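Work through the exercises below with the sequence and the structure open. Each task is followed by a solution in steps.

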Amino acid sequence: MTVAVDFRNVDIVFGSDQAGSLALIDSGASRAEILEKTGNVLGCAGASLTVHEGEISVLMGLSGSGKSTLLRAVNRLNVVSRGQVLVKDGDKTVDVVTCDEATLRRLRQKQVAMVFQQFGLLPWRTVEENVGLGLELAGVPEAERKERVHRQLKLVNLDQWAKKYAHELSGGMQQRVGLARAFATEAPILLMDEPFSALDPLIRTKLQDELLQLQAELKKTIIFVSHDLEEALKIGSHITIMEGGRIVQTGAPEDIVLRPANDYVRDFIANVNPLSVLTAWNVMRDRRDLDHGEDGWVWLDRRKTTRFKIDEHGLVVAAERNGKPAVWVSCADVEAHPEETAQVFWANPGTSLKTVMFAMYRSQTAPVALFDDQSRFVGAIGVRDVLSAVLRR
Amino acid sequence: MDPISKFLVSYQIPIGAWGKAFFTFLTDNFNTVLRAFSNGLNFLLDGMVDGLLLLPPVLLIALIALLAYVLQRSKGLALAVFLGLLFILNQDLWKQTVETLVLVVAAAAASMAIGVPLGIWAAHKPKVYRFMLPVLDLMQTLPTFVYLIPVLTLFGLGNAPGLVVTIIFVIPTPVRLTHLGVTSVPKSIIEAGEAFGATKRQLLWKVELPSALPTIMAGLTQSIMLSLSMVVFAALIGAGGLGTEINRALGSRRIDLGLEAGLAIVVLAIVLDRMTRIGVGGKK
């Protein structure tokens with residue numbers, strides 16, 4: 001996987017005593033201590049993070065945690081005090097911290113686009129003039145600009161609104177204009193600074209869905225700042241949690257939920273609905289940890305109600321439930337199957353926990369088996385596993 | 001007098017003498033340049049007045065009403081302008097009004113031409129603004145009569161010194177309002193411009209100035225109004241127009257003449273104010 005943006009030990013300090021503050025950072029001082037001793041504000045310290053192409057990497061944290069500060073280092077809206085921010089620029093990589101003004105401008109025009117929390121639209125311009133801003137600044141000829149702007153407006157379903165002024169639109173529509181403006185430059189890297197935070201919850205969910213749809217098509221590299229963990233879990237392929245200017249934990253969404261690195265992260269995830277994040281893979285008991293009987297029989301649950309006979313290739317050859325032969329069916333079709341006792345559902349590692357639970361419900365709390373993509377048996381999920389995951393015990 | 005006051009008075013700082021010496025130095029050494037400047041300016045202003053007076057007054061009034069319509073897209077306003085100016089003609093003050101109009105428009109235009117760039121500069125450089133501020137305060141609070149005298153000695157009598165004093169009095173307003181407009185551009189849209197790779201110049205022309213335009217245009221309206229308020233003072237040093245009539249009315253205690261000329265100034269003020277109020281596209 002190609003690296004799109006690489007933060008290497010990034011320190012950002014706002015204020016005049018840069019050297020003094022950096023020395024304090026090296027001694028591990030907190031933001032409050034640095035403020036007291038130097039009068040400078042610590043933006044972020046020692047931040048290292050690699051963002052690969054095509055990822056949606058979410059920076060999370062409470063306000064003042066340094067997430068926006070770090071994001072804004074990518075296009076040098078914030079000046080980095082020390083460290084490197086390497087941004088992919090075609091075939092080469094540019095260090096945004098040290099590059100000259102002309103390179104920075106080219107990056108901002110062609111490589112890195114941005115979407116703002118407060119939209120940042122120019123109120124005296126029409127929607128299409130706003131969307132064309134980046135192209136205009138880059139000197140794209142008017143005919144080509146018009147064509148590209150029109151295409152973007154279509155993409156975000158705003159083509160009938162092209163001639164309206166930005167302030168005549170609702171908040172959700174304004175942010176679509178902001179998205180279209182960023183997409184219009186065709187920059188492969190997109191910085192999104194709490195883009196949906198100013199919107200009401202329904203519109204926010206809708207725009208998140210739209211962003212995911214567009215992303216499936218456009219495959220941009222997105223760095224997304226959010227203070228809302230539900231949002232982060234929904235759209236992020238990676239999540240980085242920040243506190244007091246420092247990175248606390250980086251990982252896949254389910255890593256964060258299942259293995260929080262400290263109390264700060266634990267507080268963060270306290271109110272998250274695990275059903276929206278967890279998959280069958282996250283909660284299953286591995287095949288090796290199950291109770292093995294003779295002749296290749298394996299008990300799927302601790303109560304020993306259900307067992308599978310597995311052949312030497314890892315495939316299931318027979319199933320038994322409550323001592324009687326049973327069939328095994330995919331829980332993808334759980335809705336279609338009539339409720340009967342003689343069946344055991346199986347799931348794939350990526351199946352959501354919600355589906356697994358529904359399968360259990362429909363089979364009178366029978367355990368759910370886990371098959372890999374070659375139908376080999378890899379593990380099982382019992383009621384207890386589900387409950388412990390949901391309760392985080 | 002008590003001893004301390006006596007002591008202080010006996011060592012009076014010769015501000016007045018220094019100032020006088022400075023202006024004498026200017027007139028002694030740059031007299032030709034200053035006179036050439038003032039003659040050129042007089043020629044220009046008088047030429048404009050004469051040119052406008054060549055047109056039949058009713059035609060000129062119709063043209064101004066048409067301009068009002070073009071600027072504001074309002075038939076009602078055009079009609080009001082037409083009737084207002086006809087009233088002035090009716091009072092037999094047309095020549096003086098044209099003289100005043102030329103002076104006011106020239107002063108406002110010059111003030112904007114100098115004041116807006118200064119305001120932008122000050123907005124970008126807070127240090128510059130800190131130095132500019134006391135000078136602007138001085139220009140606005142120094143009683144007008146005080147600088148009538150040196151301007152008179154430097155430029156002689158006529159329209160040119162009238163224009164200069166008017167500009168001195170007016171210019172702080174466009175500077176301040178432009179500064180206000182540019183410094184209060186929302187940070188979010190400046191950052192949007194920067195994030196999409198605007199150069200400093202693009203940022204100024206495509207983001208800062210359009211955003212500050214309503215405030216800058218308020219500066220234009222204010223400049224015109226302030227220029228009008230200087231008409232009477234400018235008349236004291238030889239600028240013609242309605243101010244001369246008012247000064248004459250004051251000298252001869254003619255209530256009727258003062259009222260006529262005074263009303264003409266008010267009408268002119270309202271006309272110019274309504275014509276130059278420019279809203280920004282799309283903003284309601």
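**Exercise 1. Describe how β18(A) and β19(A) are joined, and place them in their sheet.**

Solution. Step 1: β18(A) and β19(A) run parallel and are joined by two bridges. Strands are DSSP runs of E with at least two residues, helices are runs of H or I with at least four, and both are numbered from the N terminus. Two strands pair if DSSP finds at least two bridges between them. This is a predicted model, in which local features need pLDDT of at least 70 and side-chain atom pairs count only at pLDDT 80 or more, while totals for chains, interfaces and linings use all residues. Residues are numbered from 1 along each chain as its sequence is written, and chains are lettered from A and ligands numbered from 1 in the order in which they are written.

Step 2: Ala347(A) has Leu370(A) as its bridge partner in β19(A).

Step 3: On its two faces, strand β19 (residues 368-371) of chain A has Val368(A) and Leu370(A) on one side and Ala369(A) and Phe371(A) on the other, all of them buried. Buried means that 20 or more other C-beta atoms lie within 10 Å of the residue's own; exposed means 12 or fewer, partly exposed lies in between, and C-beta atoms are placed from the backbone. In a regular strand the side chains alternate between the two faces of the sheet.

Step 4: β17(A) pairs with strand β18 (residues 343-347) of chain A in the parallel sense, over four bridges. Here Ser330(A) has Trp346(A) as its bridge partner in β18(A).

Step 5: The open sheet of five strands has the order β11-β20-β19-β18-β17 (chain A), and its pairing is mixed. Its edge strands, β11 (285-286) and β17 (327-330) of chain A, each pair on one side only.

**Exercise 2. State the order of the antiparallel five-stranded sheet of chain A and identify its edges.**

Solution. Step 1: The order of this open sheet is β12-β13-β14-β15-β16 (chain A), with antiparallel pairing.

Step 2: β12 (291-292) and β16 (324-325) of chain A each have a single partner strand, so one side of each is left without a neighbour in the sheet.

Step 3: At one of these edges, strand β15 (residues 316-321) of chain A pairs with β16(A) over two bridges in the antiparallel sense. Glu320(A) has Pro325(A) as its bridge partner in β16(A).

**Exercise 3. Locate Lys304(A) and Asp92(B), and say whether each is buried or exposed.**

Solution. Step 1: Most residues other than glycine have a negative phi. Lys304(A) has a positive phi, near 60°, and Asp92(B) has a positive phi of about 60°.

Step 2: Lys304(A) sits in the loop between β13 (297-299) and β14 (306-310) of chain A. Asp92(B) sits in the loop between α4 (75-90) and α5 (94-124) of chain B.

Step 3: Lys304(A) has 11 other C-beta atoms within 10 Å, so Lys304(A) is exposed. Asp92(B) has 10 C-beta neighbours inside 10 Å and therefore counts as exposed.

**Exercise 4. Describe the side of chain B that touches chain A.**

Solution. Step 1: 17 residues of chain B are in contact with 18 residues of chain A; contact means C-beta atoms, placed from the backbone, within 7 Å.

Step 2: α10 (187-195) and α11 (200-229) of chain B are the elements that give two or more residues to this side. α10(B) gives the most, with six residues.

Step 3: The residues on this side are eight nonpolar, six polar and three charged. Ala, Val, Leu, Ile, Met, Phe, Trp, Tyr, Cys and Pro count as nonpolar, Asp, Glu, Lys and Arg as charged, and the others, Gly among them, as polar.

Step 4: For the complex, the predictor gives an ipTM of 0.78 and a pTM of 0.81.

**Exercise 5. Find where the pLDDT of chain B is below 50.**

Solution. Step 1: The average pLDDT of chain B is 91, and 98% of the residues score at least 70. pLDDT is the predictor's confidence in each residue, from 0 to 100.

Step 2: The pLDDT is below 50 over residues 280-284 of chain B, a stretch with eight contacts in the model beyond near neighbours in sequence. Where pLDDT is low, the predicted coordinates should not be read in detail.

Methods: Two residues are in contact if their C-beta atoms, placed from the backbone, lie within 7 Å.
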